[in-house]
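Subject: Structure handover

Hello,

Here is the structure I said I would pass on. My notes on it follow below.

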Amino acid sequence: MSTWGQSRRKVAGRRDGVNSGERREDEIVDISDEAFWEPRPRDIGWDSKREKTEEEVPAGLDAFPEDTELEITSVLMLKRPKHRYRISFGAYALEVHEDVMIKYRMIKGAVFTKEELEEIVAADERQQGYADALKYLSLKPRTTYEIAQRLGEKGWGEETIQDVLTRLQSEGYVNDAAYAQEWASQRVKLRGKGKLWVKHELRQKGISKAYIEEALGEVSEEDEFESALQLGMKKWRSTTGELLDRKRKTGAFLQRRGYSGSVVSRVMRELGNREEMHGMDEWDEE
């Protein structure tokens, strides 16, 4: 099992406060089958930036006084969102994730300056962005581009997004090269898509040209031909009309599925041999 595959199975368990259900560790998952990935019920209270009552919203750092030491007067664990704490400095307060609170030793009596708290808030934003990314990854594998787009939609800044992506990559949760290889293999072998179709899909997912070429190179000509042949036989048997009309319909269908002219020609020759029909080896591209 690849490191990327092992890391992918850990994602659900790493999402803070979200129960993703269980899948067998040896279960084979087709990442290209979008019907497999059912949306999960939303965990109420997940997003710390939303769904708070007016009195729960902290004043924010802008209201904190400058050039003075701020002593923590209380540390309160919130019921929702999970794993978040309200840190009070007398009349001022802010909320941080449990990991951030522990990292910066934010305990009652500890003293911070506003500048130090700004650093802590930035760290908390990175943690929240990371949690959002894990939640997004728990539904199905994603590319670097897709995660960046998602985090941007949720309002995270470019610096936070880049920090989150770097962390995900270092932990093995995101690997565009491995994603491209698995996607290409499954789309051709299991989903009846030609390499041209797969190439377009991977481009839309933000995969680099080098990774796309490498992934498509891992799919053998025989695998692509066999996939096209199975589709071609089904299409031929369901097509009616004159021989030439059926031939053109079948060939055009395969081309629309992303198979190259050379692959389609080879399929048509094979169909001709099996059906003992003359002229099937002369495929004219429309």
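I start with a charge and a ring: Lys-193 is placed over the face of Trp-197, 3.6 Å from the centre of the ring. A second case of this kind is Arg-142, which sits over the face of Tyr-136 at 3.7 Å from the ring centre. Please keep in mind that this is a predicted model.

Overall composition

The protein chain has eleven helices and five strands. It contains 286 residues, of which 44% count as buried. If one takes the contacts in the protein chain between residues at least 6 apart in sequence, 64% of them join residues at least 24 apart.

The sheet

An open sheet is built from three strands, in the order β2-β3-β4, with antiparallel pairing. The edges are taken by β2 (74-77) and β4 (92-97); each has a single partner strand, so one side of each has no neighbour in the sheet. On average, neighbouring strands here are turned by 25° against each other, direction ignored. As background, strands of a sheet pair through backbone hydrogen bonds, in either a parallel or an antiparallel way.

Between β2 and β3 there are four bridges, and the two strands run antiparallel. Ser-74 has Ser-88 in β3 as its bridge partner. The two strands, β2 and β3, form a hairpin with six residues between them, and His-83 in the turn has a positive phi of about 65°.

On the other side of the pairing, β3 (residues 84-89) is joined to β4 by six bridges, again in the antiparallel sense. Here Arg-84 stands opposite His-97 in β4. Helix α3, residues 114-139, lies across β3 and β4 and runs at about 40° to β4.

Aromatic rings

How many aromatic pairs does a search of the whole structure find? It finds three. One of them is Phe-64 with Tyr-92, a tilted pair with 5.2 Å from centre to centre and 40° between the planes. This pair links distant parts of the chain: Phe-64 belongs to the loop between α1 (3-14) and β1 (70-71), while Tyr-92 is in strand β4, and the two are 28 residues apart. Phe-64 has a relative accessible area of 2%, so it is buried. Tyr-92 has a relative accessible area of 28% and is therefore partly exposed, since buried means under 20% and exposed means over 50%.

Another pair is Tyr-179 with Trp-183. Why is it called stacked? The ring centres of Tyr-179 and Trp-183 are 5.9 Å apart and the planes are at 10°, and planes under 30 degrees apart count as stacked. Tyr-179 and Trp-183 are four residues apart in helix α6 (residues 176-189), so about one helical turn separates them. Both Tyr-179 and Trp-183 are buried.

There is also one aromatic cluster, formed by Phe-64, Phe-89 and Tyr-92.

An annotated span

An unreviewed UniProt entry lists residues 130-168 as "domain: RecX first three-helical". In the model, residues 130-168 are 79% helix and 0% strand, and the C-alpha atoms at the two ends of the span lie 8 Å apart.

Regards

Note on methods:
Residues are numbered from 1 along each chain as its sequence is written. This is a predicted model: local features need pLDDT of at least 70, side-chain atom pairs count only at pLDDT 80 or more; totals for chains, interfaces and linings use all residues. Side-chain values use heavy atoms; hydrogens and water are left out. Two strands pair if DSSP finds at least two bridges between them. Axes are lines fitted to C-alpha atoms, for helices over the stretch in contact, and angles run from 0 to 180 degrees between N-to-C directions. Contact means heavy atoms within 4.5 Å. UniProt positions are given in the numbering used here, feature names are shortened, and annotations may be inferred rather than shown by experiment. Rings of Phe, Tyr and Trp (its six-membered ring) pair if their centres lie within 6.5 Å; planes under 30 degrees apart count as stacked, over 60 as edge-to-face and the rest as tilted. Buried means under 20% relative accessible area, exposed over 50%, partly exposed in between (1.4 Å probe, protein chains only). A charge sits over a ring if NZ of Lys or CZ of Arg is within 6 Å of the ring centre and within 35 degrees of the ring normal.
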